[in-house]
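These are my notebook entries on one protein model. I set down each point as I looked it up.

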Amino acid sequence: IGRAIHALSRIGEDCYLEAFDEGLAVRTVNSSRSAFASFLFAPAFFQKYDPGIICPTSEPDASPSQTENFRCKIVMKSVLAVFKSPSTLEKTVEKCKIALGRGMDQLIIQLLCKH
C-alpha cells in the first residue's frame, strides 16, 4: 500500500479511500481534474478484510440497495507521513492495520513492526 500511496502522490494532493466488497480502492485526481489514478486492493491482499459498516442514505426508509460504502478523503501529505519510506517499511513492518475510529470521523493507520 505504501508504494501505491507514493505513486498517487505524484498525481494529486488528496487521497480517496473507498471500501467495497471487492476490495479497498485508493485513488487520487490532479488539481485540474485531467489525470486520475486508482489502485484496488482485493480482499485476498489482506490477512483480514472487512469493508465495515455500510452507511445508509439520508432517507430513513432506504432499502439495502440504497446504501453507500464507506469513503473518505485525506490530504496526501498526511498519508505520506505514515508511509515515509516504502523500502524501510517492507523490511520492518509486519502488518498494517487500517480502521475507522470513534463515530467514523477518524481513520487509524497502525504499523505493527516485526521486532
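Entry 1, cysteines. How many disulfides does a search of the whole structure find? I found zero disulfides in the whole structure. The model is predicted, and I read the sulfur positions accordingly. For Cys15, the closest cysteine sulfur is that of Cys72, at 7.6 Å, which is too far for a bond, given that a disulfide requires the two sulfur atoms within 2.5 Å. I also noted the surroundings of two cysteines. Cys15 is buried, with a relative accessible area of 1%, whereas Cys113 is partly exposed at 48%.

Entry 2, confidence. I looked up the pLDDT next. The average for the protein is 83, and 83% of the residues score at least 70. By element, strand 3 (residues 36-41) has the highest mean, 96, and strand 4 (residues 55-56) the lowest, 49. Where pLDDT is low, the predicted coordinates should not be read in detail. I therefore do not interpret strand 4, with its mean of 49, in detail.

Entry 3, overall composition. I listed three helices and eight strands. From the N terminus on, the order of elements is α-β-β-β-β-β-β-α-α-β-β. The protein has 115 residues, of which 26% count as buried. Of the contacts between residues at least 6 apart in sequence, 43% join residues at least 24 apart.

Entry 4, the sheet. In what order do the four strands of the open sheet lie? I read the order as 3-2-1-6, with antiparallel pairing. Strand 3 and strand 6 (71-75) are the edge strands, each pairing on one side only. Neighbouring strands of this sheet are turned by 20° against each other on average, direction ignored. Within the sheet, strand 1 and strand 2 are joined in the antiparallel sense over five bridges. I noted one position there: Glu18 stands opposite Ala25 in strand 2.

Entry 5, helix 1. Which residues of helix 1 (residues 2-9) are buried? I found Gly2, Ala4, Ile5 and Leu8 to be buried. Seen down the axis of helix 1, these buried residues fall within an arc of 160°, so they line one face of the helix. An α-helix has 3.6 residues a turn, so residues three or four places apart point the same way. I then checked what this face packs against. The buried residues of helix 1 pack against strand 1 (14-20), strand 2 (23-29) and strand 3, and also against helix 2 (76-82) and helix 3 (86-92). Helix 1 lies across strand 1, strand 2 and strand 3, and runs at about 170° to strand 3.

Methods: Residues numbered from 1 in each chain as written. Predicted model: local features only at pLDDT ≥ 70, side-chain atom pairs only at ≥ 80, totals over all residues. Heavy atoms only, no water. pLDDT = per-residue confidence, 0-100. Helix = DSSP H or I, 4+ residues; strand = E, 2+ residues; numbered from the N terminus. Buried < 20%, exposed > 50% of the residue type's maximum accessible area, 1.4 Å probe, protein only. Arc of directions from axis to C-beta. Contact = heavy atoms within 4.5 Å. Pairing = 2+ DSSP bridges. Axes fitted to C-alpha atoms, helices over the stretch in contact; angles between N-to-C directions.
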